[in-house]
Amino acid sequence: MKLLNYAGQMLCDAVYPRECCGCGRLSDRTGRHLCWSCFSQIELLHSDLCELCGNPLTGSATSAFVCGYCRKRKPAYDCARSAAKFTGVVREMLHAFKYKDALWQSADLVDLMQGALTAQFDYQAIDVVMPVPLFKTRFRERSYNQSYVLARELARRIERGVDGRSLQRIRHTDTQTHYNATQRKKNISGAFAVVRSEWIRGRTILLVDDVMTTGATLSECATELKRCGALRVYAISVARR
Ligand SMILES: [Zn+2]
Ligand SMILES: [Zn+2]
């Protein structure tokens with residue numbers, strides 16, 4: 001049903017101009033739900049970032065640096081980046097995208113990720129794009145995996161395949177929102193399993209998630225992917241809390 005709504009929305013968009021999700025005026029970006037003015041006000045994360053996790057430094061860095069969090073516990077992924085700060089219209093859009101079936105916003109959200117990907121990664125090296133998986137009961141509740149929707153669109157744009165099956169979430173995990181970094185790591189530990197390691201071995205994988213907080217989930221996915229022979233694991237998300 002949600003997919004039908006999505007298709008219906010796409011059809012309407014082709015006929016009628018869209019209202020900007022930010023200011024409510026008609027969007028002047030073709031096929032997008034954010035106008036240029038609102039899009040250009042988004043706080044992007046493109047400089048003075050931890051070279052591993054993409055954590056923004058307060059102030060400016062004169063050379064490459066690794067943040068305190070990564071120094072204490074090196075993440076299992078090779079590099080993670082988020083396109084924007086989790087504030088303002090980005091936060092509102094991500095909330096609607098995840099909890100209110102606003103799948104038609106995917107093009108706008110993928111615009112942000114694609115910008116960060118091309119600017120900050122050697123994306124030509126990527127073999128396959130993978131979403132962070134949902135556990136099956138959560139998937140049934142929501143009927144879609146928001147990260148899969150983003151991964152599929154991003155993969156299409158960079159002409160790679162999307163693999164939503166090889167990595168699976170094998171147990172339910174509590175929502176991480178109220179946990180600190182140590183609790184998050186413990187909560188997510190052992191939550192993922194590779195079910196088709198022949199699709200993983202020797203490959204460079206781009207993991208996709210909607211929002212990154214401490215990176216514990218992405219790091220746990222990367223641990224399992226590397227255990228099964230992944231050559232490199234990169235991670236990208238729309239926004240960082
Ligand atoms: Zn606007
Ligand atoms: Zn870091």
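I take buried to mean under 20% relative accessible area and exposed over 50%, with partly exposed in between. I also note at the outset that the model is predicted.

**Positive phi**

I looked up Ser143 and found a phi near 70 degrees, a positive value in a residue that is not glycine. Ser143 sits in the loop that runs between helix H6 (136-142) and helix H7 (146-157). Because its relative accessibility is 39%, I enter Ser143 as partly exposed.

I then turned to Glu159, which is not a glycine either and has a positive phi of about 55 degrees. Glu159 belongs to the loop between H7 and strand E3 (161-162), and with a relative accessible area of 70% I enter Glu159 as exposed.

**Helix H8**

Next I asked which residues of helix H8 (residues 181-188) are buried. I found Arg184, Asn187 and Ile188, and when I looked down the axis of H8 these buried residues fell within an arc of 85 degrees, so they line one face of the helix. For the reasoning I recall that an α-helix has 3.6 residues a turn, so residues three or four places apart point the same way.

On the other side of H8 I noted Thr182 and Lys186, both exposed. I also checked what the buried residues of H8 pack against, and I recorded strand E4 (167-169), strand E5 (192-194) and helix H9 (216-227).

I examined both ends of H8 as well. At its start, a side-chain oxygen of Asn180 comes to within 3.1 Å of the backbone nitrogen of Thr182, and just after H8 I found Gly190 with a positive phi of about 75 degrees.

**Zinc site**

Which protein atoms are the donors of the zinc ion (ligand 1)? I listed the SG atoms of Cys20, Cys23, Cys35 and Cys38, which lie 2.3 to 2.4 Å from the ion. The angles that the four donor atoms subtend around the zinc ion (ligand 1) run from 106 to 114 degrees, and I therefore enter the arrangement as tetrahedral, given that four donors count as such if all angles lie between 85 and 135 degrees.

Along the chain, I read the spacing of the donors of the zinc ion (ligand 1) as C-x2-C-x11-C-x2-C. Cys20 lies in the loop between helix H1 (2-15) and helix H2 (36-40), whereas Cys38 lies in helix H2, so the pair ties together parts that are 18 residues apart in sequence. I closed the entry by looking up the accessibility of this pair, and I found both Cys20 and Cys38 buried.

How values were computed: Residues numbered from 1 in each chain as written. Chains lettered and ligands numbered in written order. Predicted model: local features only at pLDDT ≥ 70, side-chain atom pairs only at ≥ 80, totals over all residues. Heavy atoms only, no water. Helix = DSSP H or I, 4+ residues; strand = E, 2+ residues; numbered from the N terminus. Buried < 20%, exposed > 50% of the residue type's maximum accessible area, 1.4 Å probe, protein only. Arc of directions from axis to C-beta. Contact = heavy atoms within 4.5 Å. Polar contact = N/O pair within 3.5 Å; in protein donor to acceptor, adjacent residues only side chain to side chain. Donors = N, O, S within 2.8 Å, 3.2 Å for Na, K, Ca; no water. Tetrahedral: all angles 85-135°; square planar, octahedral: opposite > 155°, others 65-115°.
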